[in-house]
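This report considers ring packing and helix burial in one protein chain. Please keep the sequence and the model in view while reading.

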Amino acid sequence: MKLNKAFALRVRAVLKEKKMTQYKLAQETGLYHSTLTDILNCKYKTPNFRNITLIIRALGMSMTEFFDDELFNFEKLEIEEK
C-alpha cells in the first residue's frame, strides 16, 4: 500500500472512532476543507509534514500513537520515488 493511502485510511479510521467529521477536522487544523479532502482522497502523493502534524494533533494523538498501526508496516508499505 502506498504511504499516502495508508495515511488517509488511518485518518478516516480515527475520525470514525472519535465520531469526528472531516469538516470539524479541517476547522481544528486550520486547513482548507478542500485541502483536507484532497489529502484524504490521495490527490497528493506526499502530504507535507506540516499538514500531517496538524492533522494528527487535531485528532488528539501523538505521532507514535497515530503511526503505531499495521497500515504503516514498513515491509508492506510502498514509498514512491520522485
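Which residue lies over the face of F66, and at what distance from the ring centre? In this predicted model, the residue is R10, which lies over the face of F66 at 5.4 Å from the ring centre.

## R10 and its surroundings

R10 is found in helix α1, and with a relative accessible area of 9% R10 is buried, because a residue counts as buried when that value is under 20%. Leaving aside residues up to four places away in sequence, R10 touches M61, E65, F66, D69, L71 and F72, so that two members of the aromatic cluster described below, F66 and F72, are among the contacts of this arginine.

## The aromatic cluster

There are four aromatic pairs in the count. In one of them, F7 with F66, the ring centres are 5.3 Å apart and the planes stand at 55°, so the pair is tilted; an edge-to-face label would require an angle over 60 degrees. F7 lies in helix α1, which covers residues 3-17, whereas F66 lies in helix α5, which covers residues 63-67, and the pair therefore ties together parts that are 59 residues apart in sequence. Both F7 and F66 are buried.

A further pair is made by F67 and F72, whose ring centres are 4.8 Å apart and whose planes are at 70°, so that this pair is edge-to-face. The two partners differ in their exposure: F67 is partly exposed, with a relative accessible area of 32%, while F72, at 8% relative accessibility, counts as buried. Taken together, F7, F66, F67 and F72 form one aromatic cluster.

## Helix α4: burial and ends

Helix α4 spans residues 49-58, and its buried residues are N51, I52, L54, I55, I56 and A58. The cover over these buried residues includes α1, α2 (22-29), α3 (33-40) and α5. Helices α1 and α5, which are tied together by the pair of F7 and F66, are thus also among the elements that cover the buried residues of α4.

At the start of α4, a side-chain oxygen of N48 reaches to within 3.2 Å of the backbone nitrogen of R50, and this distance falls inside the cut-off of 3.5 Å for a polar contact. Beyond the other end, α4 is followed by G60, whose phi is positive, near 75°.

Key
Residues are numbered from 1 along each chain as its sequence is written. This is a predicted model: local features need pLDDT of at least 70, side-chain atom pairs count only at pLDDT 80 or more; totals for chains, interfaces and linings use all residues. Side-chain values use heavy atoms; hydrogens and water are left out. Rings of Phe, Tyr and Trp (its six-membered ring) pair if their centres lie within 6.5 Å; planes under 30 degrees apart count as stacked, over 60 as edge-to-face and the rest as tilted. Helices (H or I, at least four residues) and strands (E, at least two) are DSSP runs, numbered from the N terminus. Buried means under 20% relative accessible area, exposed over 50%, partly exposed in between (1.4 Å probe, protein chains only). A charge sits over a ring if NZ of Lys or CZ of Arg is within 6 Å of the ring centre and within 35 degrees of the ring normal. Contact means heavy atoms within 4.5 Å. A polar contact is a pair of N or O atoms within 3.5 Å; within protein, one must be able to donate a hydrogen and the other to accept it, and residues adjacent in sequence count only if both atoms are side-chain atoms.
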